[in-house]
Amino acid sequence: MKKRIKSTIFSLAAITALATAAVTGKGLSGYAEEAQDSDKIDQEKEEDDGKIYCVGSVSKVYVVTAVMQLVEQGKVELDKPVTEYIDDFVMADEGYKDITVRMLMDHTSGLYGTTINDVFLYGDNKVDHARLTLDNLKTQKLKADPGAYASYCNDGFELLEIIVERVSGISYTEYIEKNIADRIGAVNIYTVENVFGNSKLSNIYSDRKNRYDTDYTTCLGSGGVYSTARDTCEFGSTFFKGDNRLLSEESKAMMAEVWSAGADTEYDKNYLDGNGLGWDLVSIPQYEEAGVQMLYKGGDSADYHTALLVAPEEEISVCVTTSGGSSGFNLAMAEALADIALSEQGIDIEAPAVPEITLQDTVPDSYKKFEGLYIISDMPAEVSFPDMKYMNVRFTVNGTTEEHYKYSDLGFIKVSGNMDEGTEMIDKDYACLDISEISGHTYVVMDTILKLSGLGDITDSRYVGERIEELHLSDKVMDAWKLRDGNKYELVSDKYSSALYNDPFILLNLIGDSGYIMLSESGETRILKIIDEDHAVRFLTIPSSTNRDQLDLWIEGETVHQTIGADGINSAVNPKFTADITEVETATGEAKWFDIDDTMAGAEISLERPENSAVFVYDKYGQMTYSTHMVDQGNRVTLQKGGSIVFLGEDGGTIKIK
């Protein structure tokens, strides 16, 4: 049985607008006293203690725990095909029949990644996202053979959610409540289904200024668990050695083993993803050097962010939850708190150290053959070796930027300064890049140490890029895509409540005459290969999560379709919004877009609309300036010169404008 050990809660308002951290286990008593003495723990802390946040992808550890419970009961086998448990799981690629339950857990399924439509909703939880995922997968192929390598995949955990329901015979929400929350005495573990309208949900400020309707994440298995920092921390403590409230030691050990441990792979394991079953990381370098295994899972919804850090042997569980920010910053804070707890056990953690480096003035001639066009961290780049003195990485989309790397015995080290004058110096944020050839592919690997001021350092080592060859397409094909180069498409398919309308623009840009396009959407970029006048597909083989969330797209008239479920309409065909428009009829899945006519610039309108509807306004730069999901903005709207406005709702609705 687990020893009953206290949980300490801290208010962390310095991180972001609203934040809470919890630490369960040994240690931190001194820190708690210091915080108490300096009034850092006060009434605000007591209120934060009860605040509920979406834990985002930390939900993946919950669904893996649920499936592992069924494994222990003999109802599920990890290495059986998923089709044994979900008979309506089909894809447009026969390889899907080889995907096992374990592959869903360790991200090695080969699935594209994420069904994004209707996943983040404001004030609404009425979506069967698991069904949406199954429907989208029917049209998809695989990006890699099942088991080939790990690449972060949300859709796999939606399938795990379905397995729990099909095998247990009850809803996933009920399963979590009975078999996780109740068994650990947690009163604040929910899914998006039963947390709806809970008064303890933390407020959100999507634009950092206005309070918004609550953000509900509809993908239960991959991101839809809601909890307090305290109860998330308590869940983390069930992975302490000797704590068998949820799982046996054997099951926890399987979850805590890196997926590639026994894999027979041609890839360099130092640069493959380091996840276990559900966990993002099952080893963190600075802790491993001190003899401490640390398990980590991060989670990000549209507005909530969580980091869960667990040291099973040392009995330390740390959770940092925020409204705003990112799980990466939360991880840095969680590590800082864990370091304090470990120090009380006599274990000192040293910050990741940049290795000793001797820069060379020349590059070996063997690298000359690696010059060419690459995709590095989802961006096209030209790699060259000027006079074989250094590596130059030139990014040319949205302007031109260059990065310089000097050769060393470790690889190519990122430097700043004037290369011609010899004044270069190693960057503060350490980055070491190298190039390798595997089975006819040329890959870029990179080691990084990111310095976060006041929070510590974050390390990473992974495959980040791949060389691509220019395609020789017909003039007919290239001419079709040149007409679309620079086009802006506007999201039309998501619900009126979707948070994707905060940044709903899909941009297409040709990468010169290479035969590839870059798609930019919601701050993400993807590179696709053109195959005919109307279709472009994913093609990268990078064996890591750099290759996550891929998609194919096709064009029909002025509409762009994507396999992830999001459709967009060419903004060039928008009608003008003028004073004579007094009402707009709404339709489910069909957003109505208008460009604001110059005669309406600066005008104020008022809206009368049905409950299940929304209106968004954007300026000429595409920045959202108004949304009916802003709690205190009301229904009076100022229109922006050169901007646009979109009306959303369900079949039969009418939004009236005055």
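**Close-up 1. Antiparallel pairing of strand 29 and strand 36 in the predicted model.** Three bridges connect strand 29 with strand 36 (residues 654-657), and the pairing is antiparallel. At one position of this pairing, E585 has T654 of strand 36 as its bridge partner.

**Close-up 2. The open four-stranded sheet that contains strand 29 and strand 36.** The four strands follow the order 29-36-31-34, with antiparallel pairing. Strand 29 (583-585) and strand 34 (636-638) occupy the edges; each has a single partner strand, so one side of each lacks a neighbour in the sheet. On average, neighbouring strands of this sheet are turned by 25° against each other, direction ignored.

**Close-up 3. The hairpin of strand 17 and strand 18, with strand 15 paired to strand 17.** Strand 17 (residues 430-438) runs antiparallel to strand 18 (residues 441-452), and nine bridges join them. Within this pairing, I435 stands opposite V444 of strand 18. Two residues lie between the strands of the hairpin, and S439 in the turn has a positive phi of about 50°. Strand 17 also pairs with strand 15 (residues 411-416), in the antiparallel sense and over two bridges. Here, I413 is placed opposite C432 of strand 17.

**Close-up 4. The largest nonpolar core.** This core comprises 95 residues, and those with the most contacts inside it are Y62, F89, L160 and Y226. Helix 3 (residues 59-72) supplies the largest share of the core, eight residues.

**Close-up 5. The crossing of helix 3 and helix 7.** The axes of helix 3 and helix 7 (residues 172-184) come within 11 Å and cross at roughly 85°. Because angles of 65 to 115 degrees count as roughly perpendicular, the two helices are described as roughly perpendicular to each other. On the helix 3 side, the contacting residues are S59, Y62, V63, T65, A66, Q69 and L70. Their counterparts in helix 7 are Y172, Y175, I176, N179, I180 and R183.

**Close-up 6. The buried residues of helix 5.** In helix 5 (residues 129-137), the buried residues are H129, A130, T133, L134, N136 and L137. These residues lie on the same side of helix 5, because they cover an arc of only 165° around the axis. An α-helix has 3.6 residues a turn, so residues three or four places apart point the same way. The buried residues of helix 5 pack against helix 6 (154-168).

Conventions
Residues numbered from 1 in each chain as written. Predicted model: local features only at pLDDT ≥ 70, side-chain atom pairs only at ≥ 80, totals over all residues. Heavy atoms only, no water. Core = buried A, V, L, I, M, F, W, Y, C linked by side-chain atoms within 4.5 Å. Buried < 20%, exposed > 50% of the residue type's maximum accessible area, 1.4 Å probe, protein only. Arc of directions from axis to C-beta. Contact = heavy atoms within 4.5 Å. Pairing = 2+ DSSP bridges. Axes fitted to C-alpha atoms, helices over the stretch in contact; angles between N-to-C directions. Parallel < 35°, antiparallel > 145°, perpendicular 65-115°, else oblique.
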